[in-house]
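This report goes through the sheets, helices, cores and backbone features of one protein model. Please keep the sequence and the 3D view at hand while reading.

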Amino acid sequence: MFNVEKDIYYVGVNDHSVDLFEGMYKVPDGMSYNSYIIKDEKVAVLDTVDAAFGKEWMTNVKAVLGDSQPAYLVVHHMEPDHSANILAFIKEYPSVQVVGNAKTFTMIKEYFGFEVKNALTVGEGSILSLGRHSLRFIMAPLVHWPEVMFSYDETDKILFSADAFGKFGALDVQQPWDDEARRYYIGIVGKYGVQVQNVLKKVSMLQVDKICPLHGPVLEGGLSHYIGLYDTWSSYRPESEAVMIAYASIYGHTKAVAGMLADILKKAGKEVVLADLARTDRAECVAQAFRCSKLVLASVTYNAELFPCMREFIDCLAERNFRARKVGFIENGTWSPISAKLMRERLACCKDLDYIENTVKIRAAFSAENAAEIEALANELI
């Protein structure tokens, strides 16, 4: 627990038992499930936490509340890691009003099988007065669930941003924000760039001094950096002038050629990310592809198809609206050399891709002929 401001408190928890977030994303440094309390003439508790941490969270809440009775429980986001303790909180504080939008209350019934009797439904621009503090509600549908909303404390200029501006990692682990926030954003929110852009326009009209997300640290100081990255990511613009080479190799021949290309590019002064798709965290590979301005896909043909990890990687890119990048190919095949064609076909739904003319065509293992092809591909990338 700590003070966000003199009468705003953090009462969230750290989870080091979780290995996969949303059943998919590796989180070796755990997760935080954030919850906040505003103590005013009327007390508001903002969100709950994951079911496994209900007792710890309630202890934190009671330590801050003391004898005070909360007037409101605000539900910004219905994902169970933030909403699982709504009923327990209502049972503990029966007079509390649960604040949400119309979709929030529909989802509470769907998830937990009960209807909120003491519900306060809010919409875009609704104001909840607590006394000195007033919360203005901002609807943020599909960032990243349909019921998501933000709230803005007009007194202390704090944006409570639901899952937006969150990151992987528990709060008791020190790590740079950008990398784990990028992996989190691209994986979880990346598909919904248009919706993120819409809510960023609303936020741009506000003076924001701090951002309190539902995962990760409270953000303050240099907020333009965090907001700027969200603008870049949700606009699908490259973050860095760099080349990612993502390869799928069986016996090491495709890996060797990918490494040769990487060496040429590095000698030319290019930043290069070289990723073995079979061994590198998938979410990290996807995030790096979005970070870089250029992508080279290198794959063997396998069962007259793409090697599975390459197929899955491209599908992850396409699902998240990968676009506006320069893309090249390295293919490897002896009796069925069609992986470049298959990779390009799988990218067909991605918009504004600029395909490199030169393709490296390996026939089982590197040959003298491939040296010229690698040089030509490198020259286009440079």
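Strands β2 (residues 8-10) and β7 (residues 36-38) are paired antiparallel through three bridges, where pairing requires that DSSP finds at least two bridges between two strands. Within this pair, Y9 lies opposite I37 of β7. The model is a predicted one, in which local features need pLDDT of at least 70 and side-chain atom pairs count only at pLDDT 80 or more, whereas totals for chains, interfaces and linings use all residues. Residues are numbered from 1 along each chain as its sequence is written, and side-chain values use heavy atoms, with hydrogens and water left out. Helices (H or I, at least four residues) and strands (E, at least two) are DSSP runs, numbered from the N terminus.

**The two sheets**

Both β2 and β7 belong to an open sheet of seven strands with mixed pairing, in the order β1-β2-β7-β8-β9-β10-β11. Its edge strands, each of which pairs on one side only, are β1 (2-5) and β11 (119-121). On average, neighbouring strands of this sheet are turned by 25 degrees against each other, direction ignored; angles here run from 0 to 180 degrees between N-to-C directions, and axes are lines fitted to C-alpha atoms, for helices over the stretch in contact.

Helix α1 (residues 54-65) packs on this sheet and touches β2, β7, β8 (43-46) and β9 (70-74), its direction making about 20 degrees with that of β7. Helix α4 (residues 102-112) also packs on the sheet, where it touches β10 (97-100) and β11, and its direction makes about 115 degrees with that of β10. Contact, or touching, means heavy atoms within 4.5 Å.

An open sheet of six strands, again with mixed pairing, follows the order β12-β13-β14-β15-β16-β17. Here the edge strands are β12 (127-129) and β17 (219-220), each pairing on one side only. β12 and β13 (residues 134-139) run antiparallel and are joined by three bridges, and S129 stands opposite S134 in β13.

**A helix pair**

Helix α5 (residues 177-189) packs against helix α7 (residues 223-234) at an angle of about 35 degrees, with 11 Å between their axes. Among the residues that meet are W177, Y185 and I186 in α5, and Y226, L229 and W233 in α7.

**Nonpolar cores**

A nonpolar core is a set of buried Ala, Val, Leu, Ile, Met, Phe, Trp, Tyr and Cys residues joined through side-chain atoms within 4.5 Å, and buried means under 20% relative accessible area, exposed over 50%, and partly exposed in between (1.4 Å probe, protein chains only). The largest such core has 101 residues, and F150, M244, L297 and F313 have the most contacts inside it. Neighbours within four places in sequence aside, F313 is in contact with M244, A246, L277, R282, C285, V286, A289 and L297. A second, separate core of 21 residues includes Y10, L128, F137 and M149.

**Backbone features**

Most residues other than glycine have a negative phi, and most peptide bonds are trans. Two residues with a positive phi are tabulated below.

| Residue | Phi | Loop | Relative accessibility |
|---|---|---|---|
| K157 | near 60 degrees | between β14 and β15 (158-160) | 24%, partly exposed |
| D352 | about 60 degrees | between α11 (339-346) and β23 (354-355) | 54%, exposed |

The peptide bond from V143 to H144 is cis, with omega near 10 degrees, and H144 is found in the loop between β13 and β14 (149-153).
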